[in-house]
Amino acid sequence: MLVTSYYGLLPKQILFEKDEEEKKKHYDKIMQYNGFYTNAMYAMTKTLKKIIKEQHITHMIICFDKTRDTFRRKKYADYKAQRSATPEPLKDQFIHMEEMLQEIGYAVEMSDDYEADDLAGSAAALYSKEMPTYIITKDHDYLQLVDPFTTLWLLQTQQDKADEINQKYSSLFSDGKGFSLPDKAVSVTPSVCVSEYGVYPEQIPDLKGITGDSSDNIPGVKGVQSAAAPLLREYGTIERIYQAIDSCQDEKARKKLSAFWKEKLGVKRSPIKALIEYRESAFMSKDLATIKRDVALSQTLDQMSLDLLDEKKRREQYARFGFKSL
């Protein structure tokens with residue numbers, strides 16, 4: 001959310017410039033106050049305020065990535081290795097945003113070993129059966145956390161796109177009518193997930209195990225994309241797909257299996273050879289894509305209550321960063 005806010009309020013001289021050195025020449029045009037860059041913080045603060053007011057939230061936990069050197073990079077050194085460095089004006093705002101939220105009284109969670117995904121997943125696993133739980137993000141990895149107790153508010157780039165998807169699945173909700181959602185958010189339940197993405201929430205790590213994920217540099221199985229969802233609908237997991245392949249004693253049996261996949265599942269080009277060649281990558285990729293749900297959190301449910309927000313501290317922090325309109 002902070003990253004999206006940063007680019008959403010970035011001057012055009014920086015936003016459309018390709019050369020990094022040229023971008024730096026225009027850093028002075030970024031919204032700032034008393035020497036602090038504030039464009040991302042301001043936009044995210046407005047977003048949080050709007051969500052709390054309109055969605056009648058009672059408890060909230062805000063999860064941040066603290067480092068890219070988490071346990072996943074220890075397992076796979078190239079995990080997220082393709083990502084560029086965080087721009088300096090944004091890097092400062094991560095620190096200041098975290099500090100500001102904590103000062104005001106929000107429950108903020110960070111870890112040296114785990115990603116924000118793991119922290120949010122663990123919070124949902126702990127508390128979603130105690131109260132209706134919603135996760136707001138634009139990260140598709142979080143689809144795997146959707147269950148009867150946890151709804152994903154998946155952010156889209158445009159409001160029109162969100163409206164289109166929500167309208168498409170409105171009949172899957174209890175009254176079939178409209179419902180209040182954060183701006184640009186799609187409400188994803190288990191039924192919406194399988195209808196829109198072709199697999200159930202719990203199969204998302206299996207899907208990424210085969211297709212990979214370029215945004216996280218997860219390799220998957222090269223050359224196998226469209227076959228992934230049909231195979232998972234038939235077998236459920238990567239493990240069972242490989243059981244079917246391993247049950248073939250010879251080339252004749254593999255051809256028979258390929259014919260079955262083509263006729264019944266609609267898999268036109270046999271992925272058996274690629275699946276065999278990249279077996280190790282498939283299982284590693286699934287492991288990397290699986291969000292942890294058992295991370296010990298520093299924040300309790302009581303500490304996530306928005307009743308703990310300090311109005312005096314809020315005004316002090318807003319004044320510190322020049323958020324006069326808020």
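**Figure 1. The exposed and buried sides of helix H8 in the predicted model.** Asp160, Glu164, Gln167 and Lys168 are exposed and sit on the face of H8 that is turned away from its buried side. The helix runs over residues 159–168, and its buried residues are Ala162, Ile165 and Asn166. These three lie on the same side of H8, because they cover an arc of only 100° around the axis. The buried residues pack against two elements, strand S7 (185–188) and helix H9 (190–197).

**Figure 2. The buried side of helix H12 and its surroundings.** Helix H12 spans residues 238–246. Ile238, Ile241, Tyr242, Ala244 and Ile245 are buried in this helix. Their arc around the axis is only 155°, which puts them on the same side of H12. Several helices cover these buried residues, including H10 (204–211), H11 (228–235), H13 (251–265), H14 (272–277) and H15.

**Figure 3. Packing of helix H12 against helix H15.** H15 is made up of residues 279–289, and its axis comes within 11 Å of the axis of H12. The two axes cross at roughly 165°. With angles over 145 degrees counted as roughly antiparallel, H12 and H15 are therefore roughly antiparallel to each other. The crossing of H12 past H15 is left-handed. On the H12 side the contact is formed by Ile238, Glu239, Tyr242 and Asp246, which meet Arg279, Ala282, Phe283 and Lys286 of H15. By class, the contact residues are four nonpolar, no polar and four charged.

**Figure 4. Surroundings of Lys286 in helix H15.** Lys286 belongs to H15 and is one of the residues of that helix that meet H12. Its relative accessibility is 16%; residues under 20% are classed as buried, so Lys286 counts as buried. Leaving out residues up to four places away in sequence, Lys286 touches Pro205, Asp206, Gly209, Thr237, Ile238 and Glu239. Of these, Ile238 and Glu239 are also named in the contact of H12 with H15.

**Figure 5. Packing of helix H11 against helix H13.** The axes of H11 and H13 are 11 Å apart, and the helices pack at an angle of about 95°. That angle makes H11 roughly perpendicular to H13. Pro230, Leu231, Glu234 and Tyr235 of H11 meet Leu257, Phe260, Trp261, Lys264 and Leu265 of H13. The residues of this contact divide into seven nonpolar, no polar and two charged. Both helices are also among those that cover the buried residues of H12.

**Figure 6. Surroundings of Tyr6 in helix H1.** Tyr6 lies in H1, which covers residues 2–8. Tyr6 is buried, with a relative accessible area of 1%. Apart from residues up to four places away in sequence, Tyr6 touches Ile30, Asn39, Ala40, Pro87, Pro89, Leu90 and Gln93. Between Tyr6 and Ser170 the C-alpha to C-alpha distance is 32 Å, and the two residues are 164 residues apart in sequence.

**Figure 7. The whole protein, for orientation of the close-ups.** The protein contains 16 helices and seven strands. Its C-alpha trace spans about 75 × 50 × 40 Å along the principal axes. Of the 326 residues, 46% are buried. Among contacts between residues at least 6 apart in sequence, 71% join residues at least 24 apart.

Technical notes
Residues numbered from 1 in each chain as written. Predicted model: local features only at pLDDT ≥ 70, side-chain atom pairs only at ≥ 80, totals over all residues. Heavy atoms only, no water. Buried < 20%, exposed > 50% of the residue type's maximum accessible area, 1.4 Å probe, protein only. Helix = DSSP H or I, 4+ residues; strand = E, 2+ residues; numbered from the N terminus. Arc of directions from axis to C-beta. Contact = heavy atoms within 4.5 Å. Axes fitted to C-alpha atoms, helices over the stretch in contact; angles between N-to-C directions. Parallel < 35°, antiparallel > 145°, perpendicular 65-115°, else oblique. Left-handed = near helix turned anticlockwise from the far one by under 90°. Nonpolar A, V, L, I, M, F, W, Y, C, P; charged D, E, K, R; others polar.
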